[in-house]
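Trainee: I would like a close look at the largest cavity of this structure. Which element gives the most to its lining, and what residues surround the space?

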Amino acid sequence: MYRLLFLIALLCAAPAMARERAGEPAASARDQAAAGFLTYGTAATFPPFEMVRDGQLAGFDIDLAAALAARMGQRPAPINMEFDGLIPALLGRRIDVINSAMYLSPERARVVDFIPYLTISSVVVVRRHGDTPITGYDLSLCGLRIAVTLGGIEARDADTASDICRRAGRPALTILPYPTAQDTALNLLQGRVDGAFTSRFGAAVLMQSVPDGYRIAGRPFGDRAQIGLAIRPNDAALHAALTGALKSLQADGTFAALVHKWHLDLGLPDPDAMQAAAPTGWWTTAERTAHYVASPPFVHGAAITLLLTASSLFFGTLIGILVALVPGGRLGMILRGPVLFYLWLFRGTPVLLQIIFVYNVLPLLGLRLPALTSAIVALSLNEGAYMAEIARSGLDAVKPGQRIAGLALGLSPFGVFRSITAPQAFRVVLPMLGNQVIGMLKTSALVSVIAVKELLLIADQAASANFRYLEALSAAAIYYLAFTTLFMLAQRAIERHLAPRRTASATARKLPVPAAGEAR
C-alpha cells in the first residue's frame, strides 16, 4: 500500500517539481544562499508589502528586492515561508536577507542587523457597522479585546496602551496575538475582538478589499516605527552593498516610484466614499472554490502534500520495522540503548521542533539538506518512532509457537518472517496504520514553516491576497477529504481481502476433497 502511494505521489509531483527546478532562480526551489543571487526570505501574507497574486509573489518588498538585486549585479531569489521561520532561516544561512516588512525592535536587533527603508504608522481598526466605544488610540481601549499581529510592532503598542490604562486606574487591554495581519482582520470581522491594531497601509488594503467591513477609529499613531531588511550580524560586505544599492534607488527616484506604484504615499481611504462590496451568493462561492481547486498552485500544493505523506510513511514504516526487529542476545543489548533513546527523543518532542531542527540547525553542524528533503527526513524519523511501537505490537500478537513450527519445517528465519509472522502482524496493525496515514496527511501541513509549498500554505496565502478564506480553505479541504477518502477505501479493501473468514474459505477450497469411503 505504501509503495503504491509513494509511486503515485512521485508521479503526481514530478511535473511540478520539474517546473520548479526549471524556474530557477524563482526561489521556491532554492534552499540556500548562492553566489550571484540575492536570496531572501519573505512571508507573503502582508499586503501591500508582500502577497501571492495569481500564484506569483507580488508587492512593494518584492519589487524593492528585484531593484536592489539589479543594482548589486545579482538576481533576486525569494523564498516564501512562514514569518516565524524567517530569522531561523537567516541564522541557519538558508537565506541572505529577510525582506518581509519586518519591524525594527530591540529584541530582534540583538540577533540580526537591520537596514531600515521606511517609516510607517499604525491605526486602530474596528468593524464598520455596529456600536463600538473605541474612539482611537486612547483610554477608550481600556478593558477591551484588541487583536495584534504576533511579533509585530502592534504588540508593543498594545502593551503601551495597557500601561496607560493601568496608570489611569482603568482595566488593561486584553491583547490577543494572531499569526498574520489577515488573521487579526478576520477575527475582528467575526466579532471575536473589539478592535485591531495594524499598519496604516494594511488598513488601506483592508478597506479596499472589504469595503463594507472595516473603518478607522481615530488618527494614526506610532509614526516613528520603522521597517527594514534584516541580515546576519557582522556581515559588513552585504550591509554595505545593500545600503549602497538602497541609497542609489532613493537618489534616482526608483524608490519613490515603487512607493507610488503600491499607493504607500496616499492617505487613508474614506469609508463613506467607498462602494460596498456586492453580495456573494452560493453559486459565486462555488465557482471561486472550483477555480482554486483547478488552479496550478493548488494542484502543485496537493501533489507536494501527497508526496510528503507517502514518502514519510514509506521511510517511517521501514524505520519502524527495523527498530521493532531489534534482536535479543548480546547484539540486542548493544542496540537497545540507542533504540530507546531514539524512541524517547522523537516521541517526546514536537514534530514542528524536529522539522525546524533538521532544516535550520543541522546546517550549522555541517549537514545542509534541501527544504523538501529536510521535511521528509524529519517526518520520517518522527513517524518511525510511532511505527516501531505499532510494528512491535503486531509482532507480539503472533504466537511464538508458529515461528518455532516454521523453523521446524525447514524455513529460514527470514522465510518465517515473510510467510508466517509478517502477514499475521500486518492484519493486526492495519487499522492503526490507517490512522497513521490520515494523521501524516494532516501533519504534513507543518512543513510550511521551512518554505515547503504544501497545500495549506498555498490556500492560506491565496486567501491573504483577497480575504476569500471560505473559497480558498474549502478548496484545500476538498483535496484533504479526497485523499482521506481514497486512503480509507484502500484500507477497507485490504481489510476485506485479509479477513480471516475469506482467507480460511480460500484455503479450504484449495484442499483436496477425500473420496467416498477414504479414511478421515
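Mentor: In this predicted model, the element that gives the most to the lining of the largest cavity is α6, with four residues. Helix α6 spans 181-189, and together with α7 (200-209) it makes up the elements that give two or more residues to that lining. The lining residues include A181, Q182, T184 and A185, whose numbers may be read against the span 181-189 of α6. G202, V205 and L206 also line the cavity, and these may be read against α7 at 200-209. The lining further includes F46, P47, T198 and F467.

The volume enclosed by these residues is about 80 Å³. In class, the lining comprises seven nonpolar and four polar residues, with no charged residue. Among the residues to inspect in this respect are Q182, T184, T198 and G202, with glycine counted as polar in this classification.

For context, the search of the whole structure finds two cavities of 30 Å³ or more. The second largest cavity holds about 40 Å³ of space. Its lining consists of L38, Y40, A65, L68, V97, N99, L229 and L242. Here β1 (37-42), α2 (60-71) and β5 (97-103) each supply at least two residues. This lining divides into seven nonpolar residues and one polar residue, again with none charged. To return to the cavity in question, its lining likewise has no charged residues, and α6 remains the element that gives the most to it.

Key: Residues numbered from 1 in each chain as written. Predicted model: local features only at pLDDT ≥ 70, side-chain atom pairs only at ≥ 80, totals over all residues. Heavy atoms only, no water. 1 Å grid on protein atoms, 1.4 Å probe; cavity = no way out; pocket = protein on both sides within 12 Å on 5 of 7 lines; lining within 4 Å. Points joined across faces, edges and corners; volume = space filled by probe spheres on them.
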